[in-house]
Amino acid sequence: MNSHSEPAQTEAPQKNFVKAAQTSDLPIGSMKRFMVEGHGLALANINGTVYAFEDRCLHWGVRLSDGSLEGNVVRCRAHSWKHDLTKGEVVVSVPPGDEGTHFTTFATKILDDTIWVSTEPNPVGPADAAIFAVSDGANGTCCQPDCCQTNSKE
Ligand code: FES
């Protein structure tokens, strides 16, 4: 960020959102662990969309952020269970039988260069995620034609 940039958003976009990371901390295809009120959560950037989820495998509780991000799916490093972040559910368990089990996801918002995460879990089902837009710094526009700087599903 240079000295001509707008100041980073310092206040939560709405109640129950907490600051989780800067967008520069989460390149496309990466994951990052962070703590909220003593709970380990993780962020993932899937092709420019940011997902937040509980950083705990539904099998034996290993940190998902230590696994690998493969498309929409986080593969646990321990026994290769696969968690689809867009669906909020396990898609592969070893042995089979736990597919379709939901894990906890959280809504995200991006304001300026800050990623905010809701402290309230999403209802069961597809995750509510924010599109990772890179601002060009001019009039709040962004460099991606089909999105805006603060867009998120609401
Ligand atoms: S602890 Fe994640 S697959 Fe076993």
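This is a guided tour of a predicted model, one selection at a time.

**Whole chain**

Start with the full protein chain, coloured by secondary structure. You should count 11 strands and zero helices, so the element string from the N terminus on is simply β-β-β-β-β-β-β-β-β-β-β. Of the 154 residues, 32% are buried. Take the contacts with a separation of 6 or more: 42% of them link residues 24 or more positions apart.

Now switch the colouring to pLDDT. The chain averages 82, and 77% of its residues reach 70 or more. Select residues 1-7 and you'll find pLDDT under 50 throughout, with four contacts in the model beyond four places in sequence. Then jump to residues 134-154, where pLDDT is below 50 too. That stretch has 29 contacts in the model beyond near neighbours in sequence.

**The largest nonpolar core**

Next, show side chains for Leu43, Ala44, Tyr51, Ala52, Phe53 and Val117. The largest nonpolar core has 32 residues, and these six touch the most other members. Which strands each supply at least two residues of this core? They are β1 (17-22), β3 (39-46), β4 (49-54), β6 (73-75), β9 (105-111), β10 (114-121) and β11 (130-131). β3 gives the most, with five residues.

Centre the view on Val117 and bring up its surroundings. Leaving out residues up to four places away in sequence, Val117 touches Phe17, Val18, Ala20, Val36, Leu41, Ala52, Phe106 and Thr108.

**β3 and its two hairpins**

Select β3 alone. It is mostly covered, with six of its eight residues buried. Add β2 (31-36) and you have an antiparallel pair joined by six bridges. For a landmark, click Lys32, which sits opposite Leu43 in β3; Leu43 is one of the core residues you picked out earlier.

Slide along to the loop between β2 and β3 and pick Glu37. This hairpin has two residues between its strands, and Glu37 takes a positive phi near 50 degrees. Is Glu37 buried or exposed? It's exposed, with 7 other C-beta atoms within 10 Å. If you'd like a distance to draw, try Glu37 to Val18: they are 19 residues apart in sequence, and 10.0 Å separates them C-alpha to C-alpha.

Now add β4. It runs antiparallel to β3, and six bridges join the two. Look for Ile46 and its bridge partner in β4, Thr49. This hairpin also has two residues between its strands. Asn47, in the turn, has a positive phi of about 50 degrees.

**A four-stranded sheet**

Hide that region and show β5 through β8. These four strands form an open antiparallel sheet in the order β5-β6-β7-β8. At the edges are β5 (68-70) and β8, each with a single partner strand, so one side of each is left without a neighbour in the sheet. Sight across the strands to see the twist, which averages 35 degrees from one strand to the next.

Zoom in on the β5 end. β5 and β6 pair in the antiparallel sense over three bridges, and Leu69 stands opposite Val74 in β6.

**Backbone oddities**

A few spots are worth a click for their geometry. As background, most residues other than glycine have a negative phi, and most peptide bonds are trans.

Where is Ser80? Look in the loop between β6 and β7 (82-84). Its phi is near 70 degrees, a positive value in a residue other than glycine. Ser80 is partly exposed, with 13 other C-beta atoms within 10 Å.

Go back toward the N terminus for Asn16, in the segment before β1. The phi of Asn16 is positive, near 70 degrees. Asn16 counts as exposed because it has 12 other C-beta atoms within 10 Å, and the cut-off for exposed is 12 or fewer.

Last stop: select Val94 and Pro95 and check omega. The peptide bond from Val94 to Pro95 is cis, with omega near 0 degrees. Pro95 lies in the loop between β8 (89-92) and β9.

Methods
Residues are numbered from 1 along each chain as its sequence is written. This is a predicted model: local features need pLDDT of at least 70, side-chain atom pairs count only at pLDDT 80 or more; totals for chains, interfaces and linings use all residues. A nonpolar core is a set of buried Ala, Val, Leu, Ile, Met, Phe, Trp, Tyr and Cys residues joined through C-beta atoms within 7 Å. A residue is buried if 20 or more other C-beta atoms lie within 10 Å of its own, exposed if 12 or fewer, and partly exposed in between; C-beta atoms are placed from the backbone. Two residues are in contact if their C-beta atoms, placed from the backbone, lie within 7 Å. Two strands pair if DSSP finds at least two bridges between them. pLDDT is the predictor's confidence in each residue, from 0 to 100. Axes are lines fitted to C-alpha atoms, for helices over the stretch in contact, and angles run from 0 to 180 degrees between N-to-C directions.
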